[in-house]
Amino acid sequence: MLTIKNLTKKFQNKTIIDNLSLEIPKGQLICLVGPSGGGKTTLLRCISGLEHFEEGEILLDNQPISTQRNKIGVVFQDYHLFPHMTVLENLLLAPKLKSSQSVEKLTAQAQGLLEQFELGEQVNHYPYELSGGQKQRVAIARALMLTPEVICYDEPTSALDPQLRDSVGAMLLNLKENGITQIVVTHDHTFAQTIADKIYEVNVKY
């Protein structure tokens with residue numbers, strides 16, 4: 001269970017998130033929809049530890065999220081793949097630093113994920129050689145390399161055509177079947193309705 005209690009986040013004197021409380025059961029997939037400026041991405045950044053918040057707390061299984069950062073995966077809107085690294089190297093970078101497993105086991109895990117996401121032939125390609133849909137799948141596979149319990153996605157389909165959007169949706173639903181809790185920020189209401197257990201509308205605060 002991911003629990004957000006009375007969360008408040010401000011930038012200078014502007015309140016972006018105001019006293020937000022939310023409970024997300026394990027394995028649930030929720031979507032945050034609404035116009036830009038409503039705090040959707042900011043909430044993801046608070047959950048993942050990329051933003052400090054002024055008030056409230058975020059708990060995973062009743063423990064502070066700050067002590068469990070390795071259990072949170074993030075897939076950014078622009079993918080954040082390292083351009084000078086191959087697909088395989090992008091997947092292996094963080095696990096090599098954080099995991100006690102051998103490089104051989106990590107490599108096998110990465111190759112298995114790439115095959116699962118139909119990226120086996122791109123294992124030695126660089127990001128500039130990939131399509132938008134392939135980059136998105138690499139970003140998701142990279143997040144899964146750390147075996148997270150929660151994955152946050154910031155606009156995962158923003159640059160994709162409808163067919164690729166449906167493919168990404170299918171992947172997220174498959175991860176849900178594996179018990180991974182997922183939080184998706186999107187402007188695409190149709191996509192949200194297709195994949196989400198619950199949809200939360202976020203409004204801009206003036």
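Two residues are said to be in contact when heavy atoms of the one lie within 4.5 Å of heavy atoms of the other. In this predicted model, and leaving aside neighbours within four places in sequence, Cys31 is in contact with Val184, Thr186, Ala192, Ile195, Ala196, Lys198, Ile199 and Tyr200.

Cys31 also leads into the interior of the structure, since the largest nonpolar core has 38 residues, and those that touch the most other members are Cys31, Leu91, Ile140, Leu144, Tyr153, Leu172 and Val184. Two or more residues of this core are given by each of β3 (29-33), α2, α3, α4, β7, α5 and α6 (189-195), and the largest share, six residues, comes from α4. A second core, separate from this one, holds 23 residues, including Leu22, Leu32, Ile58 and Ile65. As a general background, nonpolar side chains in soluble globular proteins tend to be buried together.

Helix α4 deserves a separate look. With 13 residues (132-144) and a rise of 1.5 Å a residue, helix α4 should span 18 Å, and the 19 Å between its end C-alpha atoms agrees with that expectation. Eleven of the 13 residues are buried, and therefore the helix is largely enclosed by the rest of the structure. Among the buried residues are Ile140 and Leu144, but also Gln134, Gln136, Arg137 and Arg142. The elements that cover the buried residues of α4 include the strands β6 (72-75) and β7 (150-154), together with the helices α2 (87-98), α3 (103-116) and α5 (162-177).

Helix α2 also takes part in what is found at the surface, for Leu93 has its place in this helix. Leu93 joins Phe82 and Leu97 in a nonpolar surface patch, whose accessible area comes to about 290 Å² together. Because its relative accessibility is 31%, and the partly exposed class runs from 20% to 50%, Leu93 counts as partly exposed.

From nonpolar contacts the path leads to charged ones. Side chains of opposite charge can pair when their charged atoms come close, and a search of the whole structure finds six salt bridges. In one of them, the side chains of Glu51 and Lys9 meet at 3.5 Å, N to O; this pair links distant parts of the chain, 42 residues apart, with Glu51 in the loop between α1 (40-48) and β4 and Lys9 in strand β1 (residues 2-11). Lys9 counts as buried, because its relative accessibility is 5%.

Another salt bridge joins Lys71 and Glu149, whose closest N and O atoms are 3.7 Å apart; here Lys71 belongs to the loop between β5 and β6 and Glu149 to the loop between α4 and β7, 78 residues apart. Lys71 is partly exposed at 27% relative accessible area, and Glu149 is partly exposed at 25%. A further salt bridge, at 3.6 Å from N to O, brings together Asp197 and Lys176, which lie 21 residues apart, Asp197 in the loop between α6 and β9 (198-201) and Lys176 in helix α5. Salt bridges that share partners also join Lys9, Arg45 and Glu51 into one network.

The backbone offers a last point of interest. Most residues other than glycine have a negative phi. Asp61, although not a glycine, has a positive phi of about 55 degrees, and Asn62 likewise has a positive phi, near 70 degrees. Asp61 is found in the loop between β4 (55-60) and β5 (63-64), and Asn62 has its place in the loop between β4 and β5. Asp61 counts as partly exposed at 40% relative accessibility, whereas Asn62 is exposed, with a relative accessible area of 63%.

Methods:
Residues numbered from 1 in each chain as written. Predicted model: local features only at pLDDT ≥ 70, side-chain atom pairs only at ≥ 80, totals over all residues. Heavy atoms only, no water. Helix = DSSP H or I, 4+ residues; strand = E, 2+ residues; numbered from the N terminus. Expected span 1.5 Å × (residues − 1). Buried < 20%, exposed > 50% of the residue type's maximum accessible area, 1.4 Å probe, protein only. Patch = residues over 30% accessible without salt bridge, like charges linked within 9 Å, V, L, I, M, F, W, Y side chains within 5 Å. Areas by Shrake-Rupley, 256 points an atom, 1.4 Å probe, with all protein chains shown as cover. Salt bridge = Lys/Arg side-chain N within 4 Å of Asp/Glu carboxyl O. Core = buried A, V, L, I, M, F, W, Y, C linked by side-chain atoms within 4.5 Å.
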